[in-house]
Amino acid sequence: MINASDILTAAQLLKNGGLVAFPTETVYGLGADATSDAAVARIFAAKQRPQFNPLISHLSDPDSAFRLGQFSQNAEKLAAAFWPGPLTLVVERRKDCPVSLLCSAGLSSIALRVPNHPVALELLRAVGRPLAAPSANLSGRISPTTAEHVRRSLGSAVDIILDGGPCCVGVESTVVQCHDGGVVLLRTGGITREQIEAVLVRKLESAAATPSIFHSPGQLESHYAPKATLRLNALSPKPGEVYLGFGEHDHGFWSLSKTGNLQEATSNLFMMLHAIDDASLQAIAVAPIPMNGLGEAINDRLRRAAAPRPAI
Ligand code: TXA
Ligand code: MG
């Protein structure tokens with residue numbers, strides 16, 4: 001359990017340019033003082049993350065976010081509806097925005113999020129500065145939903161890991177970019193397309209159908225890669241494959257949700273991919289997952305996990 005003195009120690013480390021892994025409701029984040037070039041550079045080094053991939057700045061409250069970026073009416077509506085929570089808003093930086101330009105990776109925009117986790121919020125309040133925090137894993141690998149996942153992926157590259165137990169959402173935040181005319185979905189995640197469209201009372205634009213300025217540099221085709229290979233939309237396993245089902249099935253005990261619940265499947269997804277990797281299983285066949293609601297984020301992660309991997 002984390003106590004007040006752990007938070008103070010972590011906050012002091014962050015103010016001195018350290019790296020602190022902390023729990024959020026989505027996945028564990030690898031945090032650093034977003035206003036310090038040197039601290040942000042340490043994140044890229046620890047994760048072996050390409051410099052062109054920008055970082056999300058985390059804030060303890062919406063007002064702190066409004067001071068960093070220019071919010072359109074749509075952005076304000078989304079912040080009011082979903083913060084604190086698993087939604088990241090990409091907006092234009094304010095001229096006086098103190099966040100390191102490294103976080104924006106050469107773009108004029110900035111990604112902002114108020115997470116909904118007591119430890120993350122306490123830490124942000126104690127630091128009193130925005131925290132840049134990507135998922136706390138080596139770039140391209142499965143995101144961490146427990147402190148143990150962070151320890152195994154990043155180990156000594158992190159100064160402290162705050163252990164807040166397993167993350168309840170289990171996939172990353174949804175990322176949308178708000179521009180003058182509308183809102184573009186850059187990454188599916190913990191808030192569904194349907195939830196956002198209900199608040200905006202309009203359809204989200206797709207990144208593929210908009211100019212390249214609205215593409216998210218982090219949406220690399222191969223990502224979330226377990227060591228095992230993945231075969232998608234499988235109705236049954238082939239010899240040598242472990243079957244990751246959805247609902248009840250007769251092919252072993254792995255199921256993202258025995259009752260076919262998408263929320264449960266989302267929170268189990270990275271957890272089970274990690275567990276299958278830990279068991280040194282070589283090949284995974286995954287059941288078809290419906291595309292509605294959180295199913296869109298699950299299918300996105302599975303598609304990237306199954307994509308051909310670049311030679312390292
Ligand atoms: O749930 C989450 O979002 C977690 C927790 C720790 O908050 N963080 C996370 O960060 O997933 P990361 O770095 O793994 O993913 C951030 C995504 C990347 O796809 C990145 O390209 C995109 O956000 N992004 C960040 N800034 C952007 C910007 N200015 N324009 C477009 N995309 C941006
Ligand atoms: Mg990530």
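Q: Which residues line the largest cavity?
A: The lining consists of T174, L185, T188, G189, I191, T192, R193, G293, L294, E296 and A297. The model is a predicted one.

Q: Why is this space called a cavity?
A: A 1.4 Å probe fits in a cavity but cannot get out, so the term marks enclosed space. About 50 Å³ lies in the largest cavity.

Q: How many cavities of 30 Å³ or more are counted?
A: The count comes to one.

Q: What classes of residue make up the lining of the largest cavity?
A: Four are nonpolar, five polar and two charged. Arg and Glu count as charged, so R193 and E296 of the lining are the charged pair. Gly counts as polar, so G189 and G293 join the polar group.

Q: What makes a space a pocket?
A: A pocket is an open set of points with protein on both sides within 12 Å along at least five of seven lines. The largest pocket here has a volume of about 680 Å³.

Q: What lines the largest pocket, and which residues lie nearest its centre?
A: The lining has 47 residues. R49, P54, I56, V175 and S216 lie nearest the centre. By class, the lining has 20 nonpolar, 21 polar and six charged residues.

Q: Which elements each supply at least two residues of that lining?
A: They are β3 (56-58), β5 (87-93), α5 (101-104), β6 (109-113), β9 (174-178) and β10 (183-187). The largest share, four residues, comes from β6.

Q: The axes of α4 (residues 73-82) and α8 (residues 193-200) come within 10 Å and cross at roughly 120°. Why is α4 called oblique to α8?
A: Roughly perpendicular covers 65 to 115 degrees, and roughly antiparallel needs over 145. An angle of roughly 120° fits neither range, so α4 is oblique to α8. The crossing of α4 with α8 is right-handed.

Q: Which residues make the contact of α4 with α8?
A: N74, K77, L78, A81 and F82 come from α4, and Q195, I196, V199 and L200 from α8. Six of the contact residues are nonpolar, two polar and one charged.

Q: Helix α1 (residues 4-15) packs on helix α6 (residues 118-127) at about 55°, with the axes 9 Å apart. What makes α1 oblique to α6?
A: Roughly parallel needs an angle under 35 degrees, and roughly perpendicular starts at 65. About 55° falls between these limits, so α1 is oblique to α6. The crossing of α1 with α6 is right-handed.

Q: Which residues of α1 and α6 meet?
A: I7, A10, A11, L14 and K15 of α1 meet V119, E122, L123, A126 and V127 of α6. Eight of the contact residues are nonpolar, none polar and two charged.

Q: Helices α9 (residues 262-278) and α10 (residues 295-306) pack at about 25°, with axes 9 Å apart. Why is α9 called roughly parallel to α10?
A: The limit is an angle under 35 degrees. About 25° meets that limit, so α9 is roughly parallel to α10. The crossing of α9 with α10 is left-handed.

Q: Which residues make the contact of α9 with α10?
A: L262, A265, T266, L269 and F270 of α9 take part, with G295, I298, R301 and L302 of α10. Six of the contact residues are nonpolar, two polar and one charged.

Terms used:
Residues are numbered from 1 along each chain as its sequence is written. Chains are lettered from A and ligands numbered from 1 in the order in which they are written. This is a predicted model: local features need pLDDT of at least 70, side-chain atom pairs count only at pLDDT 80 or more; totals for chains, interfaces and linings use all residues. Side-chain values use heavy atoms; hydrogens and water are left out. On a 1 Å grid over the protein atoms alone, a cavity is a set of points where a 1.4 Å probe fits but cannot get out, and a pocket is an open set with protein on both sides within 12 Å along at least five of seven lines; lining residues have an atom within 4 Å of a point. Grid points are joined across faces, edges and corners, and a volume is the space filled by probe spheres set on the points. Axes are lines fitted to C-alpha atoms, for helices over the stretch in contact, and angles run from 0 to 180 degrees between N-to-C directions. A crossing is left-handed if the near helix is turned anticlockwise from the far one by less than a right angle, and right-handed if clockwise. Contact means heavy atoms within 4.5 Å.
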